[in-house]
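This report walks through some features of a single model, for a reader meeting it here. Please keep the sequence and the 3D view at hand while reading.

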Amino acid sequence: MATWKSRGLRGSTFEELINTTNDVYDNNNLCLIQKVPTPITPIRIDDKSRHITLAYFDKKSTVDYIGAVQGIPVCFDAKECHTDTFPLQNIHQHQIEFMEKYERQQGISFILIHYTERDCFYYLRYSELKNFWDRAETGGRKSFRLEELSKDYFFHSKPGVLVPYLDMIQKDLTERDA
C-alpha cells in the first residue's frame, strides 16, 4: 500500500486542504469548485475487495479543479514544492494549452503552489506561468525561483479557511481590470 510520502500521492495533503476550503466556500455560497477526477482504465481488480490493483491513465488530464466563482469560470492546478525552486517539468504542455484556451474564453486560470518548507501558498497567475514557460521553451531556465515571484500573491491560511485563494482571485481580477 502506498504511503503519503510516495510519488503517486504527492500533493494529496494539499489537495485535501483545498477540498476542505472548497467545502467552506460552497457552504457560504461563494463559489462552486469541483475536483476533476483523473480518468483511468482498470486493468486488474481484486475479486474479494473489488479494489483496482492495476490501471493506466486513459488520457491526459487537464487541471485539478474547475468551477465558477460568482459567475466567473475558474480552473486551476495544485502543486507542492519542497524547495525555493519550482521545476517546470511538474507542469505539462497539455495543461498550459488548456489554461490558455480557458483564458481565451474569459475564464481565470492559475496554479496554487504550496511551499511546504515555508508553509505558505502562492497564487501563480496564468500570465506569470506563461512567461516562465516561454523562457524555458526558448532555452532559458527550466524552473523559477521563489524570489522571481510577485510578493503580492503569497498568502497563508486564515481562521476558517485553510487555503484562502478567493482573496487572490479578487486581487487578480482587480489587476486585470486596471
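Leaving aside neighbours within four places in sequence, Leu112 is in contact with Phe14, Ile18, Phe76, Asp77, Ala78, Lys79, Tyr122, Tyr123, Phe155, Val163 and Tyr165. The model in which these contacts appear is a predicted one. Leu112 also belongs to the largest nonpolar core, which has 47 residues, and together with Tyr115, Tyr165 and Ile169 it touches the most other members. Strand S7 supplies the largest share of this core, namely six residues.

Helix H3 covers residues 126-137, and its twelve residues should span 16 Å at 1.5 Å a residue, which agrees with the 16 Å that separate its end C-alpha atoms. Within H3, the residues Tyr126, Glu128, Leu129, Phe132, Trp133 and Ala136 are buried. Because these residues cover an arc of only 160° around the axis, they lie on the same side of H3. Among the elements that cover the buried residues of H3 are helix H2 (93-104), strand S7 (108-115), strand S8 (120-125) and strand S9 (143-145). Just after H3, Gly139 takes a positive phi of about 95°.

Turning to the cysteines, the structure holds zero disulfides. Cys81 is in no disulfide, and the nearest cysteine sulfur, that of Cys120, is 9.8 Å away, whereas a disulfide would need the two sulfur atoms within 2.5 Å. Two of the cysteines can be set side by side by their accessibility.

| Residue | Relative accessibility | Status |
|---|---|---|
| Cys75 | 0% | buried |
| Cys81 | 4% | buried |

Both values count as buried because they fall under 20% relative accessible area.

Note on methods. Residues are numbered from 1 along each chain as its sequence is written. This is a predicted model: local features need pLDDT of at least 70, side-chain atom pairs count only at pLDDT 80 or more; totals for chains, interfaces and linings use all residues. Side-chain values use heavy atoms; hydrogens and water are left out. Buried means under 20% relative accessible area, exposed over 50%, partly exposed in between (1.4 Å probe, protein chains only). Helices (H or I, at least four residues) and strands (E, at least two) are DSSP runs, numbered from the N terminus. The expected span of a helix is 1.5 Å times one less than its number of residues. The arc is that of the directions from the helix axis to the C-beta atoms. Contact means heavy atoms within 4.5 Å. A nonpolar core is a set of buried Ala, Val, Leu, Ile, Met, Phe, Trp, Tyr and Cys residues joined through side-chain atoms within 4.5 Å.
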